[in-house]
Amino acid sequence: MNNLRIYKGADYNDMSRKAASVIQSQLTVKPESVLGLATGSSPVGLYDILAKAYESGDVDFSRAKTVNLDEYQWLAPDDEQSYRYFMQKHLFSRVNINVDNTYVPNGLAADPEEECKHYNYIIEHLGGIDLQLIGIGHNGHIGFNEPSDEFPAKTHLVNLAQKTIEANKRFFKRAEDVPRAAFTMGIGTIMNAAVVLLIVSGGEKAEILKEAFFGPITPRVPASVLQLHRNVILAADGAALSLFPAS
Ligand code: F6R
């Protein structure tokens, strides 16, 4: 795939460092960039590196705008498990971004359909996404676009797959506390980003990563759609890349 660039890191920290340098370069070239952001375990190291780079004067978020991929339904922004809380903790409170320029779906929205329309409007109004950071789920999901019969185009409310609930219960006190639904940006929106930066670490993601890039393009493996994107950067560690033919 000539639209895919692979930055291979030795381990999680090295992958995070390589991914952070991509985001720093993006902000250097275009300080007013619209960054699509992700949560979960994968970007924690990368956000820490960006926060430290800000402290040492090596990156400036003052003109950046951000839109997050997703948010759990019915979690308030100050709930420690909400993705808004995660972003505040790991990045927004640690750099010079104007919080008014950061967007995360409103998990408490009384009218989910309106919230989806509103989120689509925000992304369009910002002029689209310059660089979208994503992770990949064990079932190939990107954002919370779970395996299904079609690639959803825009923001929608999704029932989380059992595999996702299982994977995410590690963040909650009890498995029953994991929300069953979430708002997520659609695949169409992710595909419209000028650059997609996918970060993956660990051997347990090796099989799904190989399937995503070397298997058939199918909504049963949502990440496989990235084979059709014109500019994908994959920052991954050796374990995640261990089943890649070229590595
Ligand atoms: C997070 C998101 C998810 C995660 C994926 C991987 O905002 O949209 O798609 O990127 O579930 O999660 P981790 O990084 O925890 O393995």
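This passage looks at the two largest pockets of a predicted model, then at helix H1.

The largest pocket comes out at about 770 Å³. Its lining runs to 37 residues, and those closest to the centre are Thr39, Gly40, Ser41, Arg170 and Phe171. Three elements each put at least two residues into this lining: strand E4 (70–72), helix H3 (83–90) and helix H5 (162–168). H3 gives the most, with five residues. As for chemistry, the lining splits into 16 polar, 14 nonpolar and seven charged residues.

The second largest pocket holds about 150 Å³ of space. Around it sit Asn120, Ile123, Glu124, Gly128, Ile129, Ala153, Lys154, Gly188, Thr189, Asn192 and Ala193. Here helix H4 (112–125) and helix H6 (187–192) are the elements that give two or more residues. The lining breaks down into five polar, four nonpolar and two charged residues.

On to helix H1, which takes in residues 12–29. From first C-alpha to last, its 18 residues reach 26 Å, close to the 26 Å expected at 1.5 Å a residue. The N-terminal end of H1 is capped by Asp11, with a side-chain oxygen 3.3 Å from the backbone nitrogen of Asn13. Further along, the buried residues of H1 are Asp14, Met15, Ser16, Ala19, Ala20, Val22, Ile23, Gln24, Gln26 and Leu27. In an α-helix, residues three or four places apart point the same way, because there are 3.6 residues a turn. The cover over the buried residues of H1 includes helix H2 (44–55) along with strands E1 (4–9), E2 (34–37), E6 (131–134), E9 (195–200) and E10 (232–237).

Methods:
Residues numbered from 1 in each chain as written. Predicted model: local features only at pLDDT ≥ 70, side-chain atom pairs only at ≥ 80, totals over all residues. Heavy atoms only, no water. 1 Å grid on protein atoms, 1.4 Å probe; cavity = no way out; pocket = protein on both sides within 12 Å on 5 of 7 lines; lining within 4 Å. Points joined across faces, edges and corners; volume = space filled by probe spheres on them. Helix = DSSP H or I, 4+ residues; strand = E, 2+ residues; numbered from the N terminus. Nonpolar A, V, L, I, M, F, W, Y, C, P; charged D, E, K, R; others polar. Expected span 1.5 Å × (residues − 1). Buried < 20%, exposed > 50% of the residue type's maximum accessible area, 1.4 Å probe, protein only. Contact = heavy atoms within 4.5 Å. Polar contact = N/O pair within 3.5 Å; in protein donor to acceptor, adjacent residues only side chain to side chain.
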